[in-house]
Amino acid sequence: MAEVEERRNLLGSDDEGDNVSFSDTTDGPGPRRTMSAITDPNRLPHRIIVLSFMCFLGFGSYFCYDNPAALQKQVIQDMNLNTIQFMQLYSWYSWPNVILCFLGGFMLDRVFGIRLGTIIFALFVFIGQVIFASGALLNRFWLMEAGRFVFGIGGESLAVAQNTYAVNWFKGKELNLVFGLQLSMARLGSTVNMNIMGWVYNRVGDLVGSAGYTTLGVSLMIGALTCVFSLVCALVLAVLDRRAERILNKEQGNTGEVIKLTDVKDFPFPLWLIFLICVGYYVAIFPFIGLGQVFFIEKFNFSPAEARAINSVVYIISAPASPLLGFLVDRTGRNVLWVLCAVVCTLLAHMMLAFTFWNPWIAMSLLGLSYSLLACALWPMVAFVVPEHQLGTAYGFMQSIQNLGLALISMAAGSILDSRGYLFLEVFFSACVCLALIAVVMLYFVDYLRGGDLNLSASARAKLLKDTTPETEMRGRGQVMKLTDEELAKLKPMSAFSIRNRYLSRLGAQLPDHCCTHLSSLAYRSVLK
């Protein structure tokens, strides 16, 4: 009876002014109406349907992001470009996100709302891809650059909206699976793009009669259909979310604090080292993938299809490996050592590609594993070195620096490839990873001198958290030290669920009450990639 009563309270239709009640059964007198599991927003079957639309929401964005990489040779030849110009297609995507990483969540929460905001950002993605394809059709490279800029405005913010929907519809341990499925679908989009766009280009070329910018434009316009699919998902999600809000009488929550750029001056030195690791590492991954297809063709005599397949290995591996490695890091702790392991493995992979003729599948598989491991171990460390009220600024700044680095290094990589070739380019990427390696070593010793908070084992961190309260007094060196709330927060390991929720809240995205760490300050949105 208690369950039925709770059901009536949740699914009552008082707002519509009728007296019809909802029930799980049709027994008993009086007018009753049964809501099936597939239409009930409080039941798992309905939420699975919603989850499927959430996962496909970002499919078009991830599919089209690496269209240039999948058609590297064709874009350069058909548009008569050099490599610097080609890599500007990636730089123009990154430029708007140097700023939007601070504003995306704010616009979703305070300006548009999650439903309208998601539709608007999906429209930006679609319109950007259409402009990009139109530039190829008209043989106007500047129009292609403009399209990538517009595409970038929507791409990153659409990922923010995707995560916001997730924390509004799912809770507790469900979120770990949900975020894992979203990541897998994103990597599926990238992988499908890498392996199918070359085939699409060849089929369009057969129909047109020859290769050229017209064939390229039509192929990219076909790719825009995936953005239409994502836009449809955004529209369906808006309808389903509006319906759930009406049926469940959900209230809009207060997002609490937002990003404060003045917090930057208070960032500790270990956090700046984490920023340096982030930039030094990722600039050796994404630009390499953008230029990888021709590299494998020229050095290893791969066919274009084989080159596209191996260039997508990093994404293929990261889909299943990320949740497994994340579980491993959560269980063992020692984040700094895991980051060190990931950076060293990445350096070995780049050196194998640069200086040996070993089967590149070995190096690319190692690169995929290390890429996944670094994301699991690096991003949570931010929450260990800054207090909670600065987490939003810290993650936003980290994303901003990462996008700035990607924009600049993409152009530098194109220049190096044009003037010196792939060997020097691989040496350059190895140097970037070495910079990250130096920062990791420095972080290890700085953290050691400060007490080793970042490199605690999971059991040690849990024991400290259990044995310590904010009022606990610790004696050391003859002085009485009292742990503050901020110092205590550093002892608690954060799951991917907690970090994502913290990041969502700090950048202005709304979270349901069950995701709140406390009433006045909701948790956060993630930018984990």
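Select Val-441, which is partly exposed, with a relative accessible area of 34%. In this tour, buried means under 20% relative accessible area, exposed means over 50%, and partly exposed lies in between, using a 1.4 Å probe and protein chains only. The model is predicted: local features need pLDDT of at least 70, side-chain atom pairs count only at pLDDT 80 or more, and totals for chains, interfaces and linings use all residues. Residues are numbered from 1 along each chain as its sequence is written, and side-chain values use heavy atoms, with hydrogens and water left out.

**Stop 1: the nonpolar patch**

Val-441 belongs to helix H20. Helices here are DSSP runs of H or I with at least four residues, numbered from the N terminus. Now add Leu-337, Tyr-444, Phe-445, Tyr-448 and Leu-449 to the selection; together with Val-441 they make a nonpolar surface patch of about 640 Å². Patch residues have over 30% relative accessible area and no salt bridge, and nonpolar side chains (Val, Leu, Ile, Met, Phe, Trp, Tyr) are joined within 5 Å. Areas come from the Shrake-Rupley method with a 1.4 Å probe, and for residues only the protein chains shown count as cover. Which helix gives the most to the nonpolar patch? Helix H20, residues 422-449, does, with five residues.

**Stop 2: Asn-335**

Select Asn-335, in helix H16, which covers residues 335-355. Is Asn-335 buried or exposed? Asn-335 has a relative accessible area of 6%, so it is buried. Show its surroundings: leaving out residues up to four places away in sequence, Asn-335 touches Val-329, Ala-377, Pro-380, Met-381, Phe-384, Leu-454 and Asn-455. Contact means heavy atoms within 4.5 Å.

**Stop 3: Arg-115 and its partners**

Side chains of opposite charge can pair when their charged atoms come close. A salt bridge is counted when a side-chain nitrogen of Lys or Arg is within 4 Å of a carboxyl oxygen of Asp or Glu. By this rule there are four salt bridges.

Select Arg-115 and Asp-241, whose closest N and O atoms are 2.6 Å apart in a salt bridge. Arg-115 is in helix H8 (residues 114-137) and Asp-241 in helix H11 (residues 213-248), so the pair links distant parts of the chain, 126 residues apart. Both residues, Arg-115 and Asp-241, are buried.

Add Glu-245, which forms a salt bridge with Arg-115 at 3.2 Å, N to O. Glu-245 lies in helix H11 and Arg-115 in helix H8, so this pair ties together parts that are 130 residues apart in sequence. Glu-245 is buried, as is Arg-115.

Stay on helix H8 and show its C-alpha atoms. H8 has 24 residues and reaches 34 Å from its first C-alpha to its last, close to the 34 Å expected at 1.5 Å a residue. The expected span is 1.5 Å times one less than the number of residues. After H8 comes Asn-139, whose phi is positive, near 60°.

**Stop 4: a pair within one helix**

Select Asp-206 and Arg-203, whose side chains meet in a salt bridge (3.1 Å, N to O). Both lie in helix H10 (residues 174-208), three residues apart, about one turn of the helix. Asp-206 is exposed, at 55% relative accessible area, while Arg-203 is partly exposed, at 36%. Elsewhere, salt bridges that share partners join Arg-115, Asp-241, Arg-242 and Glu-245 into one network.

**Stop 5: cysteines**

How many disulfides does a search of the whole structure find? Zero disulfides are found, a disulfide being a pair of cysteine sulfur atoms within 2.5 Å. Select Cys-345 last: the nearest cysteine sulfur, that of Cys-341, is 4.1 Å away, and Cys-345 is in no disulfide.

Conventions:
Patch = residues over 30% accessible without salt bridge, like charges linked within 9 Å, V, L, I, M, F, W, Y side chains within 5 Å. Helix = DSSP H or I, 4+ residues; strand = E, 2+ residues; numbered from the N terminus.
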